[in-house]
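Trainee: Could you take me through one part of this protein up close? I'd like to start at a turn and then see what sits around it.

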Amino acid sequence: MKHLRWFFLLPVALLLSSCMHGGGVVLRETPLNISETRKVIVSVIGEPRSISQNGRELFSQYYDKKGKNIEKMDMAKERYSTHVLVLGDRRPYDVQVEVLIEDRNDDGGFDVTDRDDDKAATIAEKIKKALALSRDNRNIIDDFRSF
């Protein structure tokens, strides 16, 4: 009977552990509204390559290991990109930052092969500082909207 229980518990445990996400860095409880948060993210990562329809998911331009934009993509063997996701349905929002590493495959395309949590932590720290600076520079009177 004990072996039968393990037979059912092991697949459930594997399924649940595969759903956990361990990559990237999360900034908890950011103070700004969604549009101001998005502006701060763009100021840090540059003009995004792609933005989701709701504006909460941003992908940076591709860059190399040193952080420089890749001019000729057909020559690159490896590329990096930053994926920023604003989480939560109301303030305070959480901001998740991931740096994806893609390597060229045999077909000439790129596949995500790894994540760089050190670069993600550096970018997250820049976003955190920019969010704090933006919050401190807000003009409460001018930003107030009665309607």
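Mentor: Look at the hairpin made by S5 and S6, with 5 residues between the two strands. In the turn you'll find Gly 108, and its phi is positive, about 95 degrees. Keep in mind that this is a predicted model. The two strands run antiparallel, and 5 bridges join S5 to S6, which covers residues 110-115. To see one pairing for yourself, pick Leu 100 and look across to S6: its bridge partner there is Arg 115.

Now stay with S5, residues 93-104, and turn to the largest nonpolar core. S5 is one of the elements that give two or more residues to this core, along with H2 (34-45), S4 (78-87) and H3 (117-136). H3 gives the largest share, 6 residues. The core has 22 residues, and the ones touching the most other members are Ile 41, Val 97, Ile 123 and Ile 127. Zoom in on Ile 41: leaving out residues up to four places away in sequence, Ile 41 touches Gly 46, Leu 58, Val 84, Val 86, Val 95 and Ile 127.

H3 turns up again at the largest pocket, which holds about 290 Å³ of space. Among its 14 lining residues, Val 44, Tyr 63, Gly 67, Thr 82 and Ile 123 are the closest to the centre. You've met Ile 123 already, in the core. H2 and H3 each supply at least two residues of the lining, and the largest share, 4 residues, comes from H3. By type, the lining splits into 4 nonpolar, 6 polar and 4 charged residues.

Note on methods. Residues are numbered from 1 along each chain as its sequence is written. This is a predicted model: local features need pLDDT of at least 70, side-chain atom pairs count only at pLDDT 80 or more; totals for chains, interfaces and linings use all residues. Side-chain values use heavy atoms; hydrogens and water are left out. A nonpolar core is a set of buried Ala, Val, Leu, Ile, Met, Phe, Trp, Tyr and Cys residues joined through side-chain atoms within 4.5 Å. Buried means under 20% relative accessible area, exposed over 50%, partly exposed in between (1.4 Å probe, protein chains only). Contact means heavy atoms within 4.5 Å. On a 1 Å grid over the protein atoms alone, a cavity is a set of points where a 1.4 Å probe fits but cannot get out, and a pocket is an open set with protein on both sides within 12 Å along at least five of seven lines; lining residues have an atom within 4 Å of a point. Grid points are joined across faces, edges and corners, and a volume is the space filled by probe spheres set on the points. Ala, Val, Leu, Ile, Met, Phe, Trp, Tyr, Cys and Pro count as nonpolar, Asp, Glu, Lys and Arg as charged, and the others, Gly among them, as polar. Two strands pair if DSSP finds at least two bridges between them.
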